[in-house]
Amino acid sequence: MERILYLTHTEADGGLSKVALETLTSAVELSRQLSGSTLRLALWGGAIQTAADAVAGCGAEETLGVTGEEFADSRYASDAAAAEALVRAADATFVIAPASARLARTLPGVALRVGGRIDSHVVGMGAAGEGVQIQRWYYRQRMLATMTRSQRPWFVLVDPGLFETWNGEAGSATPRLVEVDLPTPYDRTRVVGIEAAKSQAQTIRPDADLLFVAGAGWTKKQADGQTHVKDAEELILGFLDSAQASLGGSKSMVEQSAEGEDVLSFMSHLNQVGQTGSTPRHAKGLATCCHGEEPHVVGWRFIHERRAINTDPNCGWAQSKADVLYVADAFALTAKVNELLRG
Amino acid sequence: MSQGFHLVVCGSIVPDPLQTLEPIQGAEGPALKNEMMLPAVLDPWAGHALYEAAHLAAATPDSKVWLVSLGPRAKLQQLMMTIAPKAAFELVALDGPAGGFTEAWETAEALAECIKTIPGLDRSRLLLFGGCASASRDAGVTMQMVGERLEISDQFLAVDELTPQENGTIRILERIEAGRYQVSECAGPPLVAAWATGRLPEPPNNAQLGMQNMRSIMPALQKAQPARVGAEGVEFLEVEVPKQRRNTRVVEDASVDEMAREIVEWIRK
């Protein structure tokens, strides 16, 4: 019988993030599938009552909590201490957590402390008899494995964008507060702020329907023998603004800045899509001036509808990987698209 | 700063990203077809960690870099030929599997035990570097478990910048959600930094440095201790490469206006 624990931190406003609510849906579904299982919730942060009330109707047996100013910041030492105390207090055998940056940093060490094991990038989960099976990717989204394991507690970090956001009844919860044995000192690390990437404009929008990916062709010499980087910047920013799209870049594009070539001023490594970049989840993706190397393609694994603009009809990126390839000059076509979007 | 850093970088081999990978069922679980024959490269994010470590060591007197690599000895030797000319380091090799289907917990145990035995390593000055995830297992959990085993309670994941300050603290930028950075200040070593891409390009080859490194690399490979790393307790029920071939419609005879209208309709749909 699995003792399931849904574990997460709260946000600065005391609530839960979108991925945390998606992951709650997966935990509730799993507990319904697994006969005889129990579900508890565990929250930690500077304040937890708002979050506990918001998810009070999810059917969990109990809510455990750790709260206080020392747990407000995203810091390994205090986060790991809080999570460890919650897992031990719940005597959990199966711990489900959202793959936020904070939990991805914290939970592997916590799993080790409590003698458990951890799997990350989990994209599917379900009951198999009295046990649990998960699905996760290997080799950077190139192979999908279905697996189970015997060790407990078993921690899983669930990727975003896979489950519906939990939107059940709110209520009034009374979390059982758990004491935490903080290390001394616990605050050798001090969070001093949050910064945007070098871009002045907001170019990364995880919730956007559309991903616009710019390849290195934007900064190469065009038909007139000249580069037109400023024009490219205006066109791309204009498109992102009009379509409210998120911006991705190919590896060759984002590495140009480090190599001293002409660059798009707003393009950073955070925009990089592919093998050593991100694998974003969007309903649609439009690739411009990209090429077809395998490392780039894996970054498009979770883009459902794909279109591409390229001057080469035999472009390896588009052929068999995109639904539609427009053979055109990206400068001219993007300018026209922007005009229509604004109109 | 009166003392430099002792930088230990964990990093190993992965198949060249340009290779097509195919899973097979091996004697001890899933593996890659022709795994030993596939061209290998230094794991990309671990490579960034190594270049950042070498850069930091060069800028901080009395610092030293060790590269701790767990992989098949013959493949490690091939890899060293390519990275020895790029950064100054001392290799500490472990002879064992480096495939993606091995267990992070077991890998972390092998790496941590190995690091504990490095002669001359001062763990109070330790900056433990590695990639934020491998291109094989792609779990993003190993460095944290190595850090735990070395009792390091200041850990940072997806680091793009690490800057020692004049007062001895270290300023660190970690990637967080929505393309932002969390900025932290740590009191000093020891700490764990699992790197994303960092800020540095891949260094150019330096033949003299390569020859200098190889003098210590070959003995380190010969002394490589065997590491038993598997996936105990894990049962793989299926490993597959999802089909992703699409029937691409090529539009090349339409005008720019027609293409633009079609794209806008698709965006608004």
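**Exercise 1. Work out where Pro190(B) sits and what kind of peptide bond leads into it.**

Pro190(B) lies in the loop between strand S11 (180-186) and strand S12 (191-195) of chain B. Strands here are DSSP runs of E with at least two residues, helices are runs of H or I with at least four, and both are numbered from the N terminus. Now look at the bond from Pro189(B) to Pro190(B): it's cis, with omega near 0°.

Quick housekeeping before we go on. This is a predicted model, where local features need pLDDT of at least 70 and side-chain atom pairs count only at pLDDT 80 or more, while totals for chains, interfaces and linings use all residues. Residues are numbered from 1 along each chain as its sequence is written, and chains are lettered from A and ligands numbered from 1 in the order in which they are written.

**Exercise 2. Find the backbone oddities in two loops of chain A.**

Start with the loop between S7 and strand S8 (154-158) of chain A, which holds Pro153(A). A cis peptide bond links Arg152(A) to Pro153(A), and omega is about -5°. Next, go to the loop between helix H3 (76-90) and strand S4 (94-98) of chain A, where you'll find Asp91(A). Asp91(A) isn't a glycine, yet its phi is positive, at about 50°.

**Exercise 3. Describe how H3(B) packs against H4(B).**

First, the geometry: the axes of helix H3 (residues 104-116) and helix H4 (residues 142-149) of chain B come within 8 Å and cross at roughly 45°. Axes are lines fitted to C-alpha atoms, for helices over the stretch in contact, with angles from 0 to 180 degrees between N-to-C directions. That crossing makes H3(B) oblique to H4(B) (under 35 degrees is roughly parallel, over 145 roughly antiparallel, 65 to 115 roughly perpendicular, the rest oblique). The crossing is right-handed, meaning that the near helix is turned clockwise from the far one by less than a right angle.

Then the residues: on the H3(B) side, Ala104(B), Trp105(B) and Leu111(B) are among them, and they meet a set in H4(B) that includes Met145(B) and Val146(B). Contact means C-beta atoms, placed from the backbone, within 7 Å. By class, this contact has seven nonpolar, two polar and two charged residues (Ala, Val, Leu, Ile, Met, Phe, Trp, Tyr, Cys and Pro are nonpolar; Asp, Glu, Lys and Arg charged; the others, Gly among them, polar).

**Exercise 4. Characterise the interface of chain A with chain B.**

Count first: 75 residues of chain A touch 70 residues of chain B. On the chain A side, strand S10 (residues 189-196) gives the most, with eight residues. That side splits into 40 nonpolar, 18 polar and 17 charged residues.

Strands join up across the chains too: S7 (residues 143-149) of chain A and S14 (residues 234-240) of chain B run antiparallel, joined by six bridges. Pairing needs at least two DSSP bridges. In this pair, Ala145(A) faces Val239(B).

**Exercise 5. Trace the six-stranded sheet that contains S15(B).**

Walk along the open sheet: S12(A)-S11(A)-S13(A)-S14(A)-S15(A)-S15(B), with parallel pairing. Its edges are S12 (246-249) of chain A and S15 (249-251) of chain B, each pairing on one side only. Neighbouring strands are turned by 20° against each other on average, direction ignored. Zoom in on S14(A) and S15(A), which pair over four bridges; Arg307(A) stands opposite Val324(A) there.

Technical notes:
Two residues are in contact if their C-beta atoms, placed from the backbone, lie within 7 Å.
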